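Student: I've got a new structure open and I'd like to learn how to read it. Could you walk me through it, one feature at a time?

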Amino acid sequence: MKTYDVIVIGAGHAGIEAALAAARMGCSTLMANLNLDTIGYMSCNPAIGGVGKGQLVKEIDALGGEMARAADACGMQFRILNASKGPAVQSSRAQIDRQLYLDYMSGIVRSQPNLELKKCEVTALLLDDKRVVGIRTAENEEILSRCVVICPGTFLKGLLHVGLTHFPGGRMGEPASQGLAEQLQQRGFVLLGFKTGTCPRLDAGTIDYSRLTVQDGDVPPKPFSFTTRELPRQQVPCHITYTNKNTHQIIRDNLARSPLYAGVIKSTGVRYCPSIEDKIVKFSDKERHQVFLEPEGYTSPQVYPNGMSTSLPEEVQLSMVRSVEGLQEAKILVFGYGIEHAVVEPTQLYPTLETKLIGNLYLAGQINGTTGYEEAAAQGLVAGMNAALRAQGRESFILDRASSYIGVLIDDLTTKGTTEPYRMFTSRVEYRLIIREDNADLRLTEAGYQAGLVPAQRYELVKKKARMISRARVLLKTTFVKPQAQVNQLLESARSACLRKKTSLEDLLRRPQLNFGHIRALSAAAQEIPEFASQQAEIEVKYSGFIQRQLKEVERFQHLEKIRLPADLDYAAVPGVSREIKEKLKKFRPINLGQASRISGITPAAVSILMVYLRKISGAQAKRSA
């Protein structure tokens, strides 16, 4: 019987990153999925990135993951969201050709060394006491492994809804996974019920685009991956339209036929991406809601009307769609539907995404309560890395809140939990000015290299990039310009104050009216600085005061993060702490004081008491060993 280092259950966005990470780190890896023709299938809208999500994709790329390269290879339109705002909240987004993405990811997975694929239904985990040792398939075949990563998407106890009709399924046309959910519940895992949904797909040939608002991509388009040099594919437009009073009345007249409002769906839905029924009821004062029409491919006839997620009956969906400007003659190719699925309460996981109840078992993606391709892929990457590290007997990989958006995502889930589908936003990130999209490679590539995911050549390029940025900063600090006529003429043209004394390029760049283009005009040496280095230098100079303030906050944050809590610490013996807090600490088993401080109900006073108690027992242990 063959034994693998890592088995990954699932072939969605989380499963792909988990399997590729483990295989690329040198582990013998098996990807098990019921259908091997849907590797990387985009079940919802055909897009990657967005506010907060683009940062996740950039970080996946910096660590050695695949999603960013796939987006660049298959993207049809690229835009920087929040481009008019500061760099802390700017986020990349791309429209994707759904079929190209599927083909790309399938090709990458199938050609990856150390990675095998198996078409099967996994019905149970093989356990040795409190440790997973493999899987069992529907054919009763047992396959052994050192670690297992479960990435089931919406398939865990999935239930599909179209109107008041409902039936088991993980996705339309594909069966749900029942056995794994039942086994997890039997082993003590708390399961929650979450709900998501998808929009009807429209026939592009039946849409009157002349009545819609065009939204083009950026020129020139900016890629996701730090390794992509150009985006040669033709850019295509998206279009915008809106619902109206007639649309809203059609929905109100049929709420009794909506499973959401008829009481059939009892699970918690996505607050930040609600169904159109939810929008009409909860935002009844709004006269219209935006519908963003996204093409699904260069040659695909399907268009995704983002903003019209629904589980209403098919005939109601058609009436609703045809009430919208530009869609009066629209034909629906695929009807929308809602889906309920099981979620494992994510505080039952360590920050490595290993479960607390079963050793060597890792969970990633929607099973942990998230929604979105990007959140799933980020978790898959971390789970796959940690499964590989465990199989190799190496130290675990943990990202904290000060290092990355991925760290915030996982810390939120494992420390605070979630009562609704979790979606990443820039507003969730305390230190977003220092963990931006543009510097993800500078922050995380070394960690990817140390883990064995990033090749040495790429790591050397990032180190070279860091040196170039450092040189640019030195140049700005040490180069001065005098108040000459030519200099002041340039400043006047930029509506900036003229010089009265010798001034450094750095001080000039701090001026809000000036950018690095002006600096190049003032200094021949600055003209030699590459664009990537000048961009980073400009951000660091213009936001230096804010960045320094956040760095000091990070120092205080990391102080608590460095104080480890023993896994076997007897919280009942800690004096001066309430019984409620002791019970919470015993239940959550935080790995350090920082994580303990973020658990709901844990007071600053309790954290201080814990710190003193740790010093006391550490001193006692030192005396005994002496």
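Student: Let me start with a single residue: is N360 buried or exposed?

Tutor: One thing before we begin: this is a predicted model. To judge burial, you look at relative accessible area, and under 20% counts as buried. N360 has 11%, so it is buried. You'll find N360 in the loop between β19 (337-344) and β20 (361-363).

Student: What is phi for N360?

Tutor: Phi is a backbone angle, and its sign is the thing to check here. For N360 phi is positive, about 65 degrees, although the residue is not a glycine. N82 is another non-glycine residue with a positive phi, near 60 degrees. N82 sits in the loop between β4 and β5 (91-96).

Student: And is N82 buried or partly exposed?

Tutor: Use the relative accessibility again. N82 has 24%, so it counts as partly exposed.

Student: Since we're beside β4, which residue there could I look at, and what does it touch?

Tutor: Try F78, which belongs to strand β4 (residues 75-81). F78 is buried, because its relative accessibility is 2%. To see the surroundings of a residue, leave out its sequence neighbours up to four places away and list what remains in contact. For F78 that list includes A71, R93, A94, G217, P221, F224, L231 and Q235. Q235 is 157 residues away from F78 along the chain, yet their C-alpha atoms are separated by 7.8 Å.

Student: How do I read a strand and its partners? Which strands pair with β1?

Tutor: You ask which strands are bridged to it and in which sense they run. β1 runs parallel to strand β9 (residues 142-150), with six bridges joining them. β1 also pairs with strand β2 (residues 29-33), again in the parallel sense, over four bridges. If you want to see the register, T3 is opposite L144 in β9, and V8 is opposite M31 in β2.

Student: How many residues of β1 are buried?

Tutor: Six of the seven residues in β1 (residues 3-9) are, so the strand is largely enclosed by the rest of the structure.

Student: What would an antiparallel pair look like here?

Tutor: Look at strand β10 (residues 159-162) and strand β11 (residues 165-168), which run antiparallel and are joined by four bridges. One pairing to pick out is H161 with H166 in β11. The two strands form a hairpin with two residues between them, and there G163 has a positive phi near 60 degrees.

Student: Where is there a cis peptide bond?

Tutor: For that you check omega. The bond from V219 to P220 is cis, with omega near -5 degrees. P220 is in the loop between β14 (213-215) and β15 (238-242).

Student: Now a helix. Which residues of α18 are buried?

Tutor: In helix α18 (residues 579-588), they are I581, L585 and F588. Looking down the axis, these buried residues fall within an arc of 75 degrees, so they line one face of α18. The face turned away from them carries the exposed residues R579, E580, E583, K586 and K587. Just after α18 comes R589, with a positive phi of about 50 degrees.

Student: How do I find the empty space?

Tutor: Rolling a probe the size of a water molecule over the atoms shows where empty space is left. Searching the whole structure gives one cavity of 30 Å³ or more, and the volume of this largest cavity is about 30 Å³. F588 from our helix turns up in the lining, along with L349, K356, T414, T415, P590, Q595 and I599. By class that lining has four nonpolar, three polar and one charged residues.

Student: What about pockets: how much space lies in the second largest one?

Tutor: About 1300 Å³. The lining of the second largest pocket has 42 residues, and F226, D438, K465, F532 and Q535 lie nearest its centre. To read a lining, ask which elements supply it. Here α12 (456-478), α15 (516-522) and α16 (531-542) each supply at least two residues, with α16 giving the largest share, eight.

Student: And how does that lining divide by class?

Tutor: The lining of the second largest pocket has 15 nonpolar, twelve polar and 15 charged residues.

Methods
Residues are numbered from 1 along each chain as its sequence is written. This is a predicted model: local features need pLDDT of at least 70, side-chain atom pairs count only at pLDDT 80 or more; totals for chains, interfaces and linings use all residues. Side-chain values use heavy atoms; hydrogens and water are left out. On a 1 Å grid over the protein atoms alone, a cavity is a set of points where a 1.4 Å probe fits but cannot get out, and a pocket is an open set with protein on both sides within 12 Å along at least five of seven lines; lining residues have an atom within 4 Å of a point. Grid points are joined across faces, edges and corners, and a volume is the space filled by probe spheres set on the points. Ala, Val, Leu, Ile, Met, Phe, Trp, Tyr, Cys and Pro count as nonpolar, Asp, Glu, Lys and Arg as charged, and the others, Gly among them, as polar. Buried means under 20% relative accessible area, exposed over 50%, partly exposed in between (1.4 Å probe, protein chains only). The arc is that of the directions from the helix axis to the C-beta atoms. Contact means heavy atoms within 4.5 Å. Two strands pair if DSSP finds at least two bridges between them.
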